[in-house]
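Let's walk through this model together, one question at a time. Keep the structure open beside you as you read.

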Amino acid sequence: MLSLSREHHTSLVMARTARRAANENENDVMARAVAMTAAMASIEAHWHTLMAAHFEKEERLIRIAQDTLDPQAVTRVLAEHAELRILAAGPCALEPAARLRRFADLISAHVRYEERTLFPQLQSHPCVTDADP
């Protein structure tokens with residue numbers, strides 16, 4: 001679980017980057033467009049280098065411990081993973097600033113929820129400690 005917790009830090013850094021880009025000076029259209037494009041490129045790269053594998057690890061642990069986890073926690077985490085996949089690297093109908101804001105808000109809340117709710121539940125399952133990525 002410790003390795004997953006450490007990876008959460010980089011996702012929180014991405015959230016800050018996304019938030020800053022989305023809130024870039026609205027009077028300077030060019031600077032804002034450049035900042036948002038760079039932020040989206042960073043988020044997509046982060047998805048491919050870390051988040052995709054991170055989600056796979058978490059989902060594998062959820063499958064292992066599902067019988068002892070709160071079903072609402074599982075539903076929430078999996079739904080958030082699906083939305084974050086789209087926000088990070090999929091086709092998305094949101095305009096760029098809204099997409100960046102949604103990504104920032106969701107990944108921040110998601111990390112907090114996993115750390116405070118899901119991970120303690122996972123850690124109480126005897127097979128998870130042995131299966132820790």
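## A guided tour in questions

Q: Among the elements of the protein chain, which helix has the lowest mean pLDDT?
A: This is a predicted model, and pLDDT gives the predictor's confidence in each residue, from 0 to 100. Helix α3 has the highest mean among the elements, at 97. The lowest mean, 66, belongs to the helix at residues 126–131, α5.

Q: What is the mean pLDDT of the protein chain?
A: Taking the chain as a whole, 96% of its residues reach 70 or more. The mean pLDDT of the chain is 91.

Q: What pattern does the protein chain follow along the sequence?
A: The secondary structure has zero strands. There are five helices. Read in order, the pattern is α-α-α-α-α.

Q: How many residues does the largest nonpolar core have, and which helix supplies the largest share?
A: The largest nonpolar core has 24 residues, and those with the most contacts inside it include Ile 43, Leu 100 and Phe 103. At least two residues of this core come from each of α1 (2–22), α2 (29–65), α3 (71–89) and α4 (96–123). The largest share, nine residues, comes from α2.

Q: How many residues are in the second, separate core?
A: In soluble globular proteins, nonpolar side chains tend to be buried together. Here a second core stands separate, and its members include Leu 61, Ile 62, Val 74 and Leu 118. The number of residues in this second core is 14.

Q: Is Leu 61 buried or exposed?
A: Leu 61 sits in helix α2, and its C-alpha atom is 7.4 Å from that of Leu 122, 61 residues away along the chain. The relative accessible area of Leu 61 is 0%. Buried means under 20%, so with 0% Leu 61 is buried.

Q: Why does Phe 55 count as buried?
A: Phe 55 is another residue of helix α2. Leaving out residues up to four places away in sequence, Phe 55 touches Trp 47, His 81, Leu 84 and Arg 85. The cut-off for buried is under 20% relative accessible area. Phe 55 counts as buried because its relative accessibility is 2%.

Q: How far apart in space are Phe 55 and Ala 15, C-alpha to C-alpha?
A: Along the sequence, Phe 55 and Ala 15 are 40 residues apart. In space, their C-alpha atoms are separated by 16 Å.

Q: Which residues is Leu 84 in contact with, leaving aside its neighbours within four places in sequence?
A: Leu 84 is one of the residues with the most contacts inside the largest nonpolar core. Its partners include Leu 106, Ile 107 and His 110. The rest of the list is Met 51, Phe 55 and Phe 103.

Q: Is Pro 120 buried, partly exposed or exposed?
A: Pro 120 is found in helix α4 and touches Glu 114 and Glu 115, not counting residues up to four places away in sequence. Its relative accessible area is 38%. Partly exposed lies between the 20% and 50% limits, so Pro 120 is partly exposed.

Q: What separates the C-alpha atoms of Pro 120 and Met 1?
A: These two residues are 119 apart along the chain. The separation of their C-alpha atoms is 9.5 Å.

Q: How far apart do the centres of the positive and negative side chains lie?
A: The protein chain has 15 positive side chains and 18 negative ones. The centres of the two sets lie apart by 3 Å.

How values were computed. Residues numbered from 1 in each chain as written. Predicted model: local features only at pLDDT ≥ 70, side-chain atom pairs only at ≥ 80, totals over all residues. Heavy atoms only, no water. Core = buried A, V, L, I, M, F, W, Y, C linked by side-chain atoms within 4.5 Å. Buried < 20%, exposed > 50% of the residue type's maximum accessible area, 1.4 Å probe, protein only. Helix = DSSP H or I, 4+ residues; strand = E, 2+ residues; numbered from the N terminus. Contact = heavy atoms within 4.5 Å. Lys, Arg positive; Asp, Glu negative; His and termini not counted. Charge placed at Lys NZ, Arg CZ, Asp CG, Glu CD.
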